[in-house]
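Hi everyone, thanks for coming. Today I'd like to walk you through the empty spaces in a protein that's new to most of us. Let's put it up on the screen.

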Amino acid sequence: MQEIVLEEPYKFVPPIESDWWCWLVRFRLKGYLRNVFKVTSTECRHADRLKASLDAGHSIVLAPNHCRLSDPMVLGVLSQQVGTELFAMASWHLFKESAYQTFLIRRMGAFSIYREGNDRQSVNTAIDMLEHGRRPLIIFPEGAVSRHNDLMMEVMDGPAFIARQAAKRREKAGKPGVVIHPVAIRYSFDGDAERAVLPDVEAFEHRFSWQPQRHLGIVERIGRIGAALIGLKEVEYFGAVREGNPHTRAEKLIVEVLGDLESKWRVTDKGGSVVARVKALRSVILPGMIEKKVTEEERQARWRDLAACYYVQQIAHYPRGYIRAGDALPERIIETVERMEEDFTDHANYHGPMHCTMMVGEAIEVDTKRNRDAEGDPAMAETRRSIQTMLDQMVAERRAKLGLPERKGKTPHESELM
């Protein structure tokens, strides 16, 4: 399990607003993207929509999908194109990884959000930023990195709540309102995906004591590795590998593990996305550990529950039907193997060259009052629809470019397993 949950008291980390540091870091941004994340080229579409909102004096929330760890950095390319700096809400654990990283990301406008509880200071900071409107504010509405390019997960209502509170203040001050700009971020792999992931696939097979499955196609080999990983978790949580379709087994694993944990920790609200349910569980498991109110035996038991939360959330990020033999997009093969490696070893190799396309959606004006009759927040529902529409458009372009047949039927949902 990666160190994204910390057993220590949370302390809010504010941003440092420095145009000079932003300029300096951006000067080296493309080299950093190329060397660390293998992103060798970028493209910004409809940046004029964002520029128009800036020129009109609106305060802006940028709401992108979050498919790779490089997303915040590529948005720096977009900000450079429209001539603005950015603020960004970032998970607290990113500020705990190294002093150097903390030094840089604070000066790039990032401030912390505590995902394991209610962080009023972070929320109030975000509202203040939007009230004054000096820079657009990035909030990733999915709440976690999905690792799948082409499908939006369910989104949180938080960005719209923050925007709405700021809009009320701006209305009283007679200022232009707050708008949300959805941003679709999509990466394409410019190379031979099978050749790129083959060493990783064969490393998995070696770890499982398998003979190299070279008589199979790459998609089938990846599918067998996925089934094996599900089996390992079934043995861990249930004591035995279960029978049936791996997709169905994975779905049942998520339902049962989350359900058991919610019953154990008396979490009554069992609705929402897997990400939201995991957040609710962490918020009740962690406090006693942080306050040192539990025995060492109980502490270890709680860490096992936190690990189960982590892996359930990871398993929920493998969409059913995302890669299919014969017509799989190269980048989908790449990101699926990277996700498996990250889940199995806590480390992922980045493969390149990657091209990143960012498409800015039309501005969504945030009403100062929420429609309580609507299911979910209307602004966030529209944000999600807009991003998915733009992703679908880019997928269609990509399939046409590669000469792959157009996919027919229902788009796979993010809660359905590969």
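Before I start, one term: when I say a residue lines a pocket, I mean that the residue has an atom within 4 Å of a point of that pocket. And please keep in mind that this is a predicted model.

Okay, so let's look at the second largest pocket, which holds about 470 Å³ of space. Which helix gives the most to its lining? That's H9, with 8 residues. H9 runs over 218-238, and helix H10 (246-264), helix H12 (296-315) and helix H13 (330-345) also supply at least two residues each. The lining has 22 residues in total, and nearest the pocket's centre you'll find Gly 226, Ala 227, Leu 229, Ile 230 and Met 340. By class, we get 15 nonpolar, 4 polar and 3 charged.

Now for the closed spaces. There are 2 cavities of 30 Å³ or more. The largest has about 60 Å³ of space. Its lining is made of 11 residues, with His 148, His 317, Tyr 318, Pro 319 and Thr 336 nearest the centre. That lining splits into 4 nonpolar, 4 polar and 3 charged residues.

The second largest cavity comes in at about 30 Å³. Around it sit Ile 4, Val 5, Leu 6, Ser 91, Trp 92, His 93 and Glu 116, and by class that's 4 nonpolar, 2 polar and 1 charged.

Last stop, the surface. Trp 20, Trp 23 and Phe 27 make a nonpolar patch of about 450 Å², and Trp 20 belongs to helix H1, residues 19-27.

Methods:
Residues are numbered from 1 along each chain as its sequence is written. This is a predicted model: local features need pLDDT of at least 70, side-chain atom pairs count only at pLDDT 80 or more; totals for chains, interfaces and linings use all residues. Side-chain values use heavy atoms; hydrogens and water are left out. On a 1 Å grid over the protein atoms alone, a cavity is a set of points where a 1.4 Å probe fits but cannot get out, and a pocket is an open set with protein on both sides within 12 Å along at least five of seven lines; lining residues have an atom within 4 Å of a point. Grid points are joined across faces, edges and corners, and a volume is the space filled by probe spheres set on the points. Ala, Val, Leu, Ile, Met, Phe, Trp, Tyr, Cys and Pro count as nonpolar, Asp, Glu, Lys and Arg as charged, and the others, Gly among them, as polar. Patches are made of residues with over 30% relative accessible area and no salt bridge: like charges are joined within 9 Å, nonpolar side chains (Val, Leu, Ile, Met, Phe, Trp, Tyr) within 5 Å. Accessible areas come from the Shrake-Rupley method with a 1.4 Å probe; for residues, only the protein chains shown count as cover. A salt bridge is a side-chain nitrogen of Lys or Arg within 4 Å of a carboxyl oxygen of Asp or Glu. Helices (H or I, at least four residues) and strands (E, at least two) are DSSP runs, numbered from the N terminus.
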